[in-house]
Amino acid sequence: MNQYLDFAIDLAERLQGQTSTNPSVGAVIVKNNRIIGFGAHLKKGEAHAEIQALKMAGEEAVDATIYVSLEPCSHYGLTPPCSKAIIDNGIVDVVYAVKDKSLANSGHQMLEDAGVKVTHAPSDRAEELYKDFFNQQETQLPFVTLKVSTSLDGKVATDDKESKWITNKAVKTDVLQLRSEHDAIITGGMTVREDNPLLTTRNADLKEPKRMILTRQSEFSEELEIFKDSTNPVTVITDHDQFKVNTNQNIEVKVCDLSELKTVLQQLYKDGYAKVMVEAGPNLISQFIEQSLVDQLVIYQAPKMIGGQGKYQYYKTDQINPLSNSKLFNIISTEIIDGDLKIILGKK
């Protein structure tokens with residue numbers, strides 16, 4: 001692959017997860033075999049990668065070549081079309097790795113119509129980078145990661161509700177990193193009441209996801225720690241139109257139909273949340289699995305047997321499903337973390 005296009009893809013990969021429902025894009029401008037500008041899309045609503053690169057290149061952009069990880073856009077959205085900026089700045093050659101199937105009108109065609117030479121240079125690596133983006137454009141749903149910390153026999157707690165700590169400290173650190181890779185964390189009201197979690201990354205260098213709680217009850221106790229952060233409000237999603245926010249609780253209330261989780265996810269996607277992580281108890285975990293809304297399942301498994309009657313087995317259904325109707329996942333990777341097992345699975 002061309003080294004400059006490879007660099008553009010590198011930039012996009014490094015900033016993946018920062019652009020909400022927009023794709024992460026990298027761009028590199030080259031003239032006389034010298035890089036004169038480069039950029040990446042940093043945040044939804046801000047300048048796209050091509051604009052950042054053009055700004056760095058300045059007047060030298062005339063008669064130069066731009067390499068982009070994704071086909072330049074051709075529409076007016078939160079920012080003007082990149083294809084127009086490329087044309088207006090005198091770029092004569094455009095090379096891009098992935099065709100943007102989400103565009104109503106082709107940026108490739110817009111550039112060619114203006115006399116710019118355009119080359120689509122396919123890249124498997126870049127295609128993998130944008131796979132989730134194109135899927136989200138089609139489904140209008142965020143990418144959902146379901147995280148479970150469990151014993152060898154599938155329990156997230158003992159029958160007496162003891163759950164701290166099933167997995168080891170090294171796993172906790174890995175979970176904090178996993179949280180930071182998502183735009184939001186979803187949990188259930190029962191988990192908040194029982195465990196009193198913070199659901200933060202506990203690290204100033206990591207991105208803090210938005211914390212969201214699904215509940216059908218009318219209020220939360222003022223003693224719960226998660227609502228006491230004055231700078232970081234928690235979103236409570238409820239179908240209770242009279243939900244009460246108590247004194248000193250930093251809560252934003254969103255009223256939504258909770259009967260179908262897909263409805264909740266569709267609203268979150270409209271609000272700009274592209275990647276969400278579910279960190280909850282068996283009831284909510286089971287609902288996400290049963291409604292086939294899990295794109296990635298991350299299981300942290302301690303090599304210990306808890307036993308009991310399985311009141312807190314992480315996946316439970318009212319009816320017995322035949323093996324022919326089992327929920328299937330693909331194993332993507334496995335890793336040993338200080339003696340515990342991490343399994344990453346994808347939707348089959």
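Phe133 is buried, at 9% relative accessibility. This is a predicted model, so read what follows as a description of that model. Phe134, the next name on my list, is buried too, with a relative accessible area of 10%. Both values fall under the 20% cut-off, which is why the two residues get that label.

The rings of F133 and F134 form an aromatic pair. Their centres lie 5.4 Å apart, and the planes meet at 55 degrees, which puts the pair in the tilted class. Y130 joins F133 and F134 in one aromatic cluster. Over the whole structure, the search gives six aromatic pairs.

As for location, F134 belongs to helix 5. For a sense of distance, take F134 and D229, which are 95 residues apart along the chain. Their C-alpha atoms are separated by 36 Å. The box that holds the C-alpha atoms of the protein is roughly 70 × 45 × 40 Å along the principal axes.

Now the overall make-up. The protein has 348 residues, and 49% of them count as buried. Its secondary structure comes to nine helices and 14 strands.

Next, salt bridges. Side chains of opposite charge can pair when their charged atoms come close. How many salt bridges does a search of the whole structure find? The count is 18. I will go through three of them.

One is between E13 and R125, at 2.9 Å from N to O. E13 sits in helix 1, residues 3-14, and R125 in helix 5, residues 124-139, so this pair links distant parts of the chain, 112 residues apart. Are these two side chains buried or exposed, or in between? Both are in between: E13 is partly exposed at 32% relative accessibility, and R125 is partly exposed with a relative accessible area of 29%.

Another is between E279 and K147, at 3.4 Å from N to O. E279 lies in the loop between strand 11 (275-278) and helix 9, while K147 lies in strand 6, so the bridge ties together parts that are 132 residues apart in sequence. Here the partners are buried: E279 has 9% relative accessibility, and K147 has 12%.

The last of my three joins K254 and D271, at 3.1 Å from N to O. K254 is in strand 10, residues 251-255, and D271 is in the loop between helix 8 (261-270) and strand 11, so the parts tied together are 17 residues apart in sequence. K254 is partly exposed, at 27% relative accessibility. D271 is partly exposed as well, at 37%.

There is also a network to mention. Salt bridges with shared partners join D6, D10, E13 and R125 into one network.

On to the pocket. Rolling a probe the size of a water molecule over the atoms shows where empty space is left. The largest pocket holds about 1,400 Å³ of space. Its lining is made up of 45 residues. Which of them lie nearest its centre? They are T187, T191, D195, A280 and G281.

Several elements give two or more residues to that lining. The strands are strand 6 (143-150), strand 7 (184-188) and strand 8 (210-215). The helices are helix 6 (169-180), helix 7 (189-195) and helix 9 (282-290). Helix 7 gives the most, with six residues.

Last, the surface. I35, F38 and M56 form a nonpolar patch there, and their accessible area together is about 250 Å². M56 is in helix 2, residues 49-57. With a relative accessible area of 45%, M56 is partly exposed. That value is over the 30% needed for a patch, so M56 passes that part of the test.

How values were computed
Residues numbered from 1 in each chain as written. Predicted model: local features only at pLDDT ≥ 70, side-chain atom pairs only at ≥ 80, totals over all residues. Heavy atoms only, no water. Phe/Tyr/Trp six-rings, centres within 6.5 Å; stacked < 30°, edge-to-face > 60°. Buried < 20%, exposed > 50% of the residue type's maximum accessible area, 1.4 Å probe, protein only. Patch = residues over 30% accessible without salt bridge, like charges linked within 9 Å, V, L, I, M, F, W, Y side chains within 5 Å. Areas by Shrake-Rupley, 256 points an atom, 1.4 Å probe, with all protein chains shown as cover. Salt bridge = Lys/Arg side-chain N within 4 Å of Asp/Glu carboxyl O. Helix = DSSP H or I, 4+ residues; strand = E, 2+ residues; numbered from the N terminus. 1 Å grid on protein atoms, 1.4 Å probe; cavity = no way out; pocket = protein on both sides within 12 Å on 5 of 7 lines; lining within 4 Å. Points joined across faces, edges and corners; volume = space filled by probe spheres on them.
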